[in-house]
Amino acid sequence: MHNLLSILLTAIALATILNILFRQINIPTIIGYIFTGSIISIIFGIHTHGNEALEHLAEFGIVFLMFTIGLEFSMKEIKAMKKELFVFGFAQVMITGGVISLISHFLLQVEYKVSIIIGLGLALSSTAIVLKLLHESGEYKLPYGRGAKGILIFQDIALIPILLMVTIFASNDKSISSLLLDTAINVLITISILIILGKYVLTHFFKIVSNTNSKEIYMGSVFLVVIGASYIAHYFGFSYTLGAFIAGIMIAETMYKYQIEADLIPFRDLLLGVFFITIGMQIDFDVIANNITSILVLVFSIMMIKTLVIFSILRFFINSKEALKAGLSLAQIGEAALVVFSLILSYNMLDTKYIQITIVVIVISMILTPFMLTNL
């Protein structure tokens, strides 16, 4: 107990101090949490991988992240941004993911299934960082800001099938065709159950809960819905995040959307902080020191690829200057990629050394983003 309290106190103190310092130079809190995890692992000699308690606690942060992402998806907004989502977003994820996958497979000799997931994971950008900076500057209304927002929203949607692909590719006891058939059947069953519950039960359930005028009961009911939907998805062989995402979409169609979103964000951010701390715990500084040149080359190469792909897509729809700004704003690798690589690590699909190198590449690209965006 004494050791646990020491770790907890140190983690809170470090996270607070680092994030106060980082905020002065516009570095996002995500980086502060990752640095906290790295320092904690050095001081106390603990690591996330293999520690089931920490891994499960961290997963809750991703569950609530996907739930709140689902809450943001109104059919009205999707219809208003069809081109930005389904043309810009789809093209960016597929082309960027394809290019990086080919490089991973043919140049780095990564197994083809894993290289596909790596490519798609690294194609994702940081919704948390980019949207925050665009809204603070007011540039989300500009053509490049609207294009960037559409691509980011599509990437959030794409995260679910990417995570499903990790689960499918990790199953080596069945053929791909039988796995896809089983997955399709289970997806249909899972979504049907959640949609039926969402359409016919949720509104009445929250109406009854709201009539109690109890904040504790209200928040407990929200946790029940999120965790319950996550469990249903997990029961049918999917990640907890799929159920949480669908639950968010279901609640987004009710009148309780905004209240739930406002109440849940503090819990989500706290649990996400735990997730990013556990990511930091996985970093081995000896691996970084021995591969610093490769890390810097990867950072430059991936950011260059993403910028060129986005510029090439958008230049046909907006002027070249705006297209380049959109490309540079989305050049970083986002927090969703950390979720993807964390799942790859849990299935032992890639050597831990390469996972650690990739995490460092992601972190460096995220650190560079605020400085790039403020100087565009």
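Does Gln-109 count as buried or exposed, and what is its relative accessibility? Gln-109 has a relative accessibility of 64%, over the 50% cut-off, so it counts as exposed. Keep in mind as you look around that this is a predicted model.

Let's stay with Gln-109 for a moment. You'll find it in the loop that runs between helix H5 (82–107) and H6. Its backbone is worth a look too: phi sits near 60°, a positive value in a residue that isn't glycine.

Now step along into helix H6 itself, which covers residues 112–123. Just at its start, Glu-111 reaches over with a side-chain oxygen, coming to within 3.2 Å of the backbone nitrogen of Lys-113. As for length, 12 residues at 1.5 Å each should span 16 Å, and the end C-alpha atoms of H6 are 16 Å apart, so the two agree. The surroundings of H6 are quite unlike those of Gln-109 in the loop: 10 of the 12 residues of H6 are buried, so the rest of the structure largely encloses this helix. Among those buried residues are Val-114, Ile-117, Ile-118, Leu-120 and Leu-122, and Lys-113 and Ser-115 are on the list as well.

Next, head for the largest nonpolar core, which has 112 residues. Phe-67, Phe-206, Ile-260, Val-340 and Ile-344 are the ones that touch the most other members. If you want to know which helix gives the most to this core, look at H8 (residues 143–170), with 14 residues. Ile-260 makes a handy place to start exploring: setting aside neighbours within four places in sequence, it is in contact with Phe-67, Leu-71, Phe-206, Tyr-218, Val-222 and Ile-251. Another core lies apart from the big one, made of 6 residues that include Leu-14, Ile-40, Ile-277 and Met-281.

Back out to a loop, this time the one between helix H9 (176–210) and helix H10 (215–235), where Asn-213 lies. Asn-213 isn't a glycine, yet it has a positive phi of about 55°. With a relative accessibility of 72%, Asn-213 counts as exposed.

Finally, how far does the predictor trust all this? The chain averages a pLDDT of 82, and 91% of the residues score at least 70. Confidence is highest in helix H14 (residues 292–314), at a mean of 95, and lowest in helix H4 (residues 75–80), at 69.

How values were computed:
Residues numbered from 1 in each chain as written. Predicted model: local features only at pLDDT ≥ 70, side-chain atom pairs only at ≥ 80, totals over all residues. Heavy atoms only, no water. Helix = DSSP H or I, 4+ residues; strand = E, 2+ residues; numbered from the N terminus. Expected span 1.5 Å × (residues − 1). Buried < 20%, exposed > 50% of the residue type's maximum accessible area, 1.4 Å probe, protein only. Polar contact = N/O pair within 3.5 Å; in protein donor to acceptor, adjacent residues only side chain to side chain. Core = buried A, V, L, I, M, F, W, Y, C linked by side-chain atoms within 4.5 Å. Contact = heavy atoms within 4.5 Å. pLDDT = per-residue confidence, 0-100.
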